[in-house]
Amino acid sequence: MAEAAPILEAPILEARGVSLRFGGVRALTEVSFAIRQGEVFSIIGPNGAGKTSMVNCISGRYRPTEGGIWFGGQEITRVPVRRRAALGIGRTFQNLALFGHMSVLDNIMVGRHHLLRRGFLPGMLYWLGGAQREEIAHRREVEEIIDFLEIQHVRKAPAGTLSYGLRKRVELARAVALKPKLILLDEPMAGMNLEEKEDMARFILDLNEEWGMTVLMIEHDMGVVMDISHRVMVLDFGRRIAEGAPEAVLADPHVKRAYLGEADEAVRDLDEPVTA
Ligand SMILES: Nc1ncnc2c1ncn2[C@@H]1O[C@H](COP(=O)(O)OP(=O)(O)OP(=O)(O)O)[C@@H](O)[C@H]1O
């Protein structure tokens, strides 16, 4: 008797045959993959491999030259950026994109405007219309995110005055405040010291495990990738060369070869034994 097919969880995000060209440059070539609901999925690969291009195709910043993107079973290839955020795709950026003169609290509130049904109403209308109640609930949720990311002590400080590690955390808070189902993290650990990296890894895990967010992460730090990813996809010269559990992927000879041209540090990371 034939064995029953395993029941696969419906993917939250799917890329099918995505290619992206900039003039003569092939940033991505026929890349297909699926992210399951509830997982931490990382994209790794040498510099210029196409990682950010792939994430930009998912966030809507770039439109694939060929192929398509599906989110929750709906094709979103041509859906504009703002609509994707409303559908439940949130993101942080490789370079910080905070308003330096605004307080931490206001930076986080800014991200939530599309969630407010009533917008900002003037005078009596505001008090009568239930907008006040809505804003109170809204502020409560933002405070919850601030507590979760342990940035209470700087909630009133202008974002521009904070240390780099704290600013990265505020940026994460702003993305989380949009209540995304899928959060795209572009090098969340870049430029951080060890302690900051450990904190950030813990926050990402908590977002995934306690808040139920699916995470797509680009990260160069192999230790972090190994520690917190359920699955990893490797890009090289815009092509998918491997995908699977972190240990298996890093042991893959194609992956080792792809990294040989990289800095010594990255190659050393790949050769380091994996600790549980
Ligand atoms: N807007 C653009 N215009 C022209 N070429 C681009 C553009 N964006 C990316 N590319 C090219 O596409 C290729 C993939 O770049 P991408 O930034 O996606 O790689 P990456 O893996 O994210 O690299 P890194 O790890 O250095 O951030 C590179 O050759 C890059 O020069």
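Two strands count as paired here if DSSP finds at least two bridges between them. Helices (H or I, at least four residues) and strands (E, at least two) are DSSP runs, numbered from the N terminus.

**Figure 1. β1 meets β4 in an antiparallel pair.**
Strand β1 (residues 11-22) and strand β4 (residues 66-71) are joined by five bridges. For a single rung to look at, take L13, which sits opposite F71 in β4. Zoom out a bit and the pair belongs to an open, antiparallel sheet of four strands, ordered β2-β1-β4-β5. Its edges are β2 and β5 (74-75), each pairing on one side only.

A word on the model before the next views. This is a predicted model, in which local features need pLDDT of at least 70 and side-chain atom pairs count only at pLDDT 80 or more, while totals for chains, interfaces and linings use all residues. Residues are numbered from 1 along each chain as its sequence is written.

**Figure 2. The whole protein chain, for orientation.**
The protein chain carries eleven helices and ten strands. Of its 276 residues, 36% are buried; a residue is buried if 20 or more other C-beta atoms lie within 10 Å of its own, exposed if 12 or fewer, and partly exposed in between, with C-beta atoms placed from the backbone. Contacts are pairs of residues whose C-beta atoms, placed from the backbone, lie within 7 Å. Among contacts with a separation of 6 or more, 67% link residues 24 or more positions apart.

**Figure 3. The shell around the ligand.**
Which residues are around the ligand? They are F22, V25, A27, G45, N47, G48, A49, G50, K51, T52 and S53, where being near the ligand takes a C-beta atom, placed from the backbone, within 6 Å of it. Two elements, β2 (25-36) and α1, give two or more residues each. The largest share, three residues, is from α1. Sorted by class, the shell has four nonpolar, six polar and one charged residues. In this scheme Ala, Val, Leu, Ile, Met, Phe, Trp, Tyr, Cys and Pro are nonpolar, Asp, Glu, Lys and Arg are charged, and the others, Gly among them, are polar.

**Figure 4. Helix α1, mostly covered.**
Eight of the nine residues of α1 (residues 51-59) are buried. That set is K51, S53, M54, V55, N56, C57, I58 and S59. Right after the helix comes G60, with a positive phi near 100 degrees.

**Figure 5. Strand β7 and its neighbours.**
All five residues of β7 (residues 182-186) are buried. Both faces are covered, with L182, L184 and D186 on one side and I183 and L185 on the other. Strand β6 (residues 89-91) runs parallel to β7 and is joined to it by three bridges, and I89 has L182 as its bridge partner. Strand β8 (residues 214-218) also runs parallel to β7, with five bridges; here D186 stands opposite I218.

**Figure 6. Two positive phi values in loops flanking β7.**
K179, in the loop between α6 and β7, has a positive phi of about 50 degrees although it isn't a glycine. What makes K179 count as partly exposed? It has 16 C-beta neighbours inside 10 Å. E187, in the loop between β7 and α7, is another residue other than glycine with a positive phi, near 50 degrees. E187 has 19 C-beta neighbours inside 10 Å, so it counts as partly exposed.

**Figure 7. The largest nonpolar core.**
A nonpolar core is a set of buried Ala, Val, Leu, Ile, Met, Phe, Trp, Tyr and Cys residues joined through C-beta atoms within 7 Å. The largest one has 67 residues, and I108, A173 and V215 have the most contacts inside it. Helix α6 (residues 164-177) gives the largest share, seven residues. Domain 1 (9-88 + 180-276) and domain 2 (99-179) both contribute, so the core lies between them; the bounds come from an automatic or database domain assignment. Leaving out residues up to four places away in sequence, V215 touches V40, F41, I183, L185, I204, L207 and N208.

**Figure 8. Where the two domains touch.**
The protein chain is divided into domain 1 and domain 2. Their contact takes eleven residues from domain 1 and ten residues from domain 2. On the domain 1 side, α2 (81-87) and α7 (194-209) are the elements giving two or more residues. The largest share of that side, four residues, comes from α7. By class, the domain 1 side has nine nonpolar, one polar and one charged residues.
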